[in-house]
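Thanks for coming. I have one model to walk through today, and I will start from the inside and work outwards.

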Amino acid sequence: MATSIKIRAKAKDGVTTVKALMTHPMETGLRKDKKTGNMIPAHFIQNVTAKHNGKEVLMAEWGGSVSKNPYLSFKFEGGAKGDEVEISWTDNKGGSDSDTAQIK
Amino acid sequence: MNTSMKRRVFLKRSLSASTLGVAVGAGLLSPQAILAAWNEASFQAKSEKDAIASAMGDASTTASEDITIKAPDIAENGAVVPVAVKASIADVTSIAMLVEKNGTPMSAIFNLPKGTMADVSTRLKMGKTGDVIAVVKAGGKLYSARKSVKVTIGGCGG
């Protein structure tokens with residue numbers, strides 16, 4: 001069971017609002033490790049995909065300048081209580097995660 | 001792993017990559033279906049103009065008052081600046097967020113299928129005081145808006 005994504009999806013007046021919080025270091029690759037003096041390698045989410053009942057509702061491309069533990073919010077038409085919203089991400093190191101939540 | 005095994009893995013990998021290329025060329029795979037597509041050119045561009053051109057196909061945009069950028073006037077922590085972009089324009093297909101004074105301005109590109117509203121929000125890192133820029137592609141045309149954000153503590157961990 002994935003734990004790096006928290007999703008809240010709410011349907012109201014024909015529009016579903018989705019808010020998600022992801023756990024990820026989002027390193028730009030420009031920071032230096034103060035202890036070793038070495039550059040901390042870039043490690044950030046590059047793609048985020050959101051689906052509603054299996055249909056894509058958002059495809060986002062991110063760079064290292066999205067904040068650490070990224071927040072995302074978006075809205076789409078439709079969606080009913082109980083429908084599934086899935087959010088998945090992949091990062092520049094080949095890491096990925098995915099989670100689903102029901103619309104409230 | 002001996003050399004011949006390595007060669008097989010290498011060939012297998014490059015073959016699958018080129019198969020993907022052939023499939024796209026043949027129109028069998030639409031660009032939206034390639035989930036791992038990431039606009040390297042845009043995210044590595046050092047100028048606002050190049051970043052927009054790489055993301056949207058053109059660098060010139062029309063300033064629009066139908067785009068609202070919600071971001072703090074003063075960001076106390078440049079590492080976490082909430083930015084929300086809303087556009088009341090028909091047929092928005094993508095929204096890009098740029099941070100003018102970051103070394104690589106392109107920060108986020110949101111591709112919106114039909115039915116998804118032009119109303120997205122995230123948090124960005126801002127290295128110093130400057131504009132947050134929103135570029136909206138709607139009906140094949142490009143629109144933009146800017147908002148100045150004062151940054152008291154820079155957000156790039158310098």
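Val85(B) touches Ile67(B), Ile69(B), Ile95(B), Met97(B), Val120(B) and Ala134(B), leaving aside residues up to four places away in sequence. Keep in mind that this is a predicted model. Val85(B) is among the residues with the most contacts inside the largest nonpolar core, together with Ile95(B), Ala96(B), Met97(B), Ala134(B), Val135(B) and Val136(B). That core has 63 residues. As background, nonpolar side chains in soluble globular proteins tend to be buried together.

Two of those partners of Val85(B), Ile67(B) and Ile69(B), take us to strand β2(B). Which residues of β2(B) are on the covered face, and which on the uncovered one? Ile67(B) and Ile69(B) are covered, while Thr68(B) and Lys70(B) are on the uncovered face. In a regular strand the side chains alternate between the two faces of the sheet. β2(B) runs antiparallel to β4(B), residues 81–87, and 4 bridges join the two. In that pairing Ile67(B) stands opposite Ala87(B).

Now the sheet these strands belong to. It is an open sheet of 6 strands, and it takes strands from both chains: the order is β1(A)-β2(A)-β5(A)-β7(B)-β4(B)-β2(B), with antiparallel pairing. Why do β1 of chain A and β2 of chain B each have one side without a neighbour in the sheet? They stand at the edges, each with a single partner strand, so one side of each is left free of a neighbour there. From one strand to the next the twist averages 15 degrees.

On the chain A side of that sheet, β2(A), residues 15–22, pairs with β5(A), residues 71–77, over 7 bridges in the antiparallel sense. Lys19(A) stands opposite Ser73(A) there.

There is also a second pairing between the chains. Strand β4 of chain A, residues 55–62, pairs antiparallel with β6(B) over 4 bridges. Glu61(A) has Ile109(B) in β6(B) as its bridge partner.

How many residues does each chain bring to the contact? Chain B gives 31 and chain A gives 29. β6 and β7 of chain B each supply at least two residues of the side that touches chain A. By class, that side of chain B has 17 nonpolar, 11 polar and 3 charged residues.

Next, the chains one at a time. Chain B has 3 helices and 9 strands, and along the sequence the pattern is α-α-α-β-β-β-β-β-β-β-β-β. Of its 158 residues, 38% count as buried. Among contacts in chain B between residues at least 6 apart in sequence, 65% join residues at least 24 apart.

The helix to look at in chain B is α3, residues 48–56. Its buried residues are Glu48(B), Ala51(B), Ile52(B), Ala55(B) and Met56(B). Seen down the axis of α3(B), these fall within an arc of 100 degrees, so they line one face of the helix. An α-helix has 3.6 residues a turn, so residues three or four places apart point the same way. The cover over the buried residues of α3(B) includes α2, β5, β6, β8 and β9 of chain B. After α3(B) comes Gly57(B), with a positive phi near 90 degrees.

Chain A has 0 helices and 7 strands. Along its principal axes the C-alpha trace of chain A spans about 55 × 25 × 20 Å. Of the 104 residues in chain A, 35% are buried. In chain A, residues 24 or more positions apart account for 54% of the contacts with a separation of 6 or more.

Last, two backbone angles to check. Most residues other than glycine have a negative phi. Met26(A) has a positive phi, near 45 degrees, and is not a glycine. It sits in the loop between β2 and β3 of chain A. Is Met26(A) buried or exposed? Met26(A) counts as buried because it has 23 C-beta neighbours inside 10 Å, and the cut-off for buried is 20 or more.

The other is Asp91(B), also not a glycine, with a positive phi of about 55 degrees. Asp91(B) lies in the loop between β4 and β5 of chain B. With 12 other C-beta atoms within 10 Å, Asp91(B) is exposed. The cut-off for exposed is 12 or fewer.

Notes:
Residues numbered from 1 in each chain as written. Chains lettered and ligands numbered in written order. Predicted model: local features only at pLDDT ≥ 70, side-chain atom pairs only at ≥ 80, totals over all residues. Pairing = 2+ DSSP bridges. Axes fitted to C-alpha atoms, helices over the stretch in contact; angles between N-to-C directions. Core = buried A, V, L, I, M, F, W, Y, C linked by C-beta atoms within 7 Å. Contact = placed C-beta atoms within 7 Å. Arc of directions from axis to C-beta. Nonpolar A, V, L, I, M, F, W, Y, C, P; charged D, E, K, R; others polar.
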